[in-house]
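Trainee: I am new to this structure. Please give me a close look at its side-chain contacts.

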Amino acid sequence: MERSRAGLRIPQAERALKEPEGMLLSAELIESFLASMAEKGRTPETIQCYRKSLEQFYGMLAGGKRVTRGTLDEWKLEMQEQGLAPRTINVRISAMNSLAEYCGRRELQAQTHALPGDSVQPELTRSEYLRLLGTARLLGKQRTYLMIKVFGTLGLSVQELRLLTVQAVCRGRLVLDKQTVYIPACLQSELTGYARQANIQSGPLFVTAAGAPLARSHISGSIRALGSEARVAEEKCNPRCLKKLCQTTQDHVRETLELLFEQTYERLLEGEQRSIGWDLPEKGPLAGADARRER
């Protein structure tokens, strides 16, 4: 932040708003924008994705690091010529468009539409996911509650929901084409209780009154209907966003465990080094090293 003549702090976004010709992009402005995303509850994975996109754009930006009208459209064309995937291009452009909006400079956003076939998917946060569950529970919508939990916990697609049978729930695992999905004990207990209550003894767990698997429109519609009551944007209330939430949550847990493993292993080696490590001089030239070699 800078200080104005009155001595008050001016956010980086306000300074960008005052730029007469284009917008001066800086590392400080990027950090300010990412910090605002964190305050809004965006997940660490999304922030990291945006960081990579913004840093990549900053690295290739010429002309004194200034963004003007048409800069983002030109960048988009360059990425297309480089053969980047449509999703990659859309995510990068979306990151810069969001930063421009954060600075109040919508006129600098890319004017062309997202590339077809791979639109940027809105992201459901865990707090929004919990609000959906809480709302379904408050309204007594048990089946919708369980479907939200299944999508958000097991990461199933709509097509795979029919494979969640009473038998699979009793086994505690669901066998898909390419993987086996284990059902957590807490969810298994709820699903077993639902099957017993609905008198569903075998076959798919979520069915119509006639016993047929629920249609895609019914599944998506029942989840979407909770959006306004749970104060969650309608475009986030769908099985696809719930599946993505499951994947990003699991990825974050794996990264945390890998970091914990590295730190624990490092502490183990440091402890061994202190107790039995070779006592070597910390400073000094390597002269005479040959003479000290073991014979």
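**Side chains in contact**

Mentor: Start with a charge over a ring. Lys-65 sits over the face of Tyr-58, 4.6 Å from the ring centre. Keep in mind that this is a predicted model.

Now the aromatic rings. The whole structure contains 5 aromatic pairs. One of them joins Phe-33 and Tyr-102: the ring centres are 5.5 Å apart and the planes meet at 55°, so this pair is tilted. It links distant parts of the chain. Phe-33 belongs to helix α2 (residues 27-39), while Tyr-102 belongs to helix α5 (residues 86-102), and 69 residues separate the two. Their surroundings can be compared by accessibility. Phe-33 is buried, because its relative accessibility is 5%, and the cut-off for buried is under 20%. Tyr-102 is partly exposed, with 27%. A further ring joins in: Phe-33, Tyr-50 and Tyr-102 make up one aromatic cluster.

Charged pairs come next. There are 9 salt bridges in the structure. Take Arg-51 and Glu-31, whose side chains meet in a salt bridge at 2.5 Å, N to O. Arg-51 is in helix α3 (residues 44-60) and Glu-31 is in helix α2, so the bridge ties together parts 20 residues apart in sequence. Both ends are partly exposed: Arg-51 has 22% relative accessibility, and Glu-31 has 39%. Glu-55 also takes part, as Glu-31, Arg-51 and Glu-55 are linked in a network of salt bridges.

A second bridge joins Lys-149 to Glu-190, at 3.0 Å, N to O. This pair, too, links distant parts of the chain: Lys-149 is in helix α7, Glu-190 is in helix α9, and they are 41 residues apart. Lys-149 is buried, with a relative accessible area of 17%. Its partner Glu-190 is partly exposed, at 27%.

Another bridge pairs Glu-107 with Arg-105, with the closest N and O atoms 2.6 Å apart. Here Arg-105 is buried, at 6% relative accessibility. Glu-107 is partly exposed, with a relative accessible area of 27%.

Turn to the nonpolar side chains. In soluble globular proteins, such side chains tend to be buried together. In this model, the largest nonpolar core holds 41 residues. Val-150, Phe-151, Leu-164, Leu-191 and Phe-206 have the most contacts inside this core. Several helices feed it: α6 (126-138), α7 (142-154), α8 (166-171), α9 (185-197), α10 (216-224) and α12 (239-276) each supply at least two residues. Helix α7 gives the most, with 7 residues.

Val-150 is worth a closer look. Leaving out residues up to four places away in sequence, Val-150 touches Gly-155, Leu-156, Leu-161, Leu-164, Leu-187, Leu-191 and Phe-206. Apart from this core lies another one, of 24 residues, including Ile-30, Met-37, Met-79 and Ile-93.

Last, the cysteines. A disulfide is a covalent bond between the sulfur atoms of two cysteines. The count for this structure is 0 disulfides. Look at two cysteines and their settings. Cys-103 is buried, at 3% relative accessibility. Cys-186 is exposed, with a relative accessible area of 57%.

Terms used:
Residues are numbered from 1 along each chain as its sequence is written. This is a predicted model: local features need pLDDT of at least 70, side-chain atom pairs count only at pLDDT 80 or more; totals for chains, interfaces and linings use all residues. Side-chain values use heavy atoms; hydrogens and water are left out. Rings of Phe, Tyr and Trp (its six-membered ring) pair if their centres lie within 6.5 Å; planes under 30 degrees apart count as stacked, over 60 as edge-to-face and the rest as tilted. Helices (H or I, at least four residues) and strands (E, at least two) are DSSP runs, numbered from the N terminus. Buried means under 20% relative accessible area, exposed over 50%, partly exposed in between (1.4 Å probe, protein chains only). A charge sits over a ring if NZ of Lys or CZ of Arg is within 6 Å of the ring centre and within 35 degrees of the ring normal. A disulfide is a pair of cysteine sulfur atoms within 2.5 Å. A nonpolar core is a set of buried Ala, Val, Leu, Ile, Met, Phe, Trp, Tyr and Cys residues joined through side-chain atoms within 4.5 Å. Contact means heavy atoms within 4.5 Å. A salt bridge is a side-chain nitrogen of Lys or Arg within 4 Å of a carboxyl oxygen of Asp or Glu.
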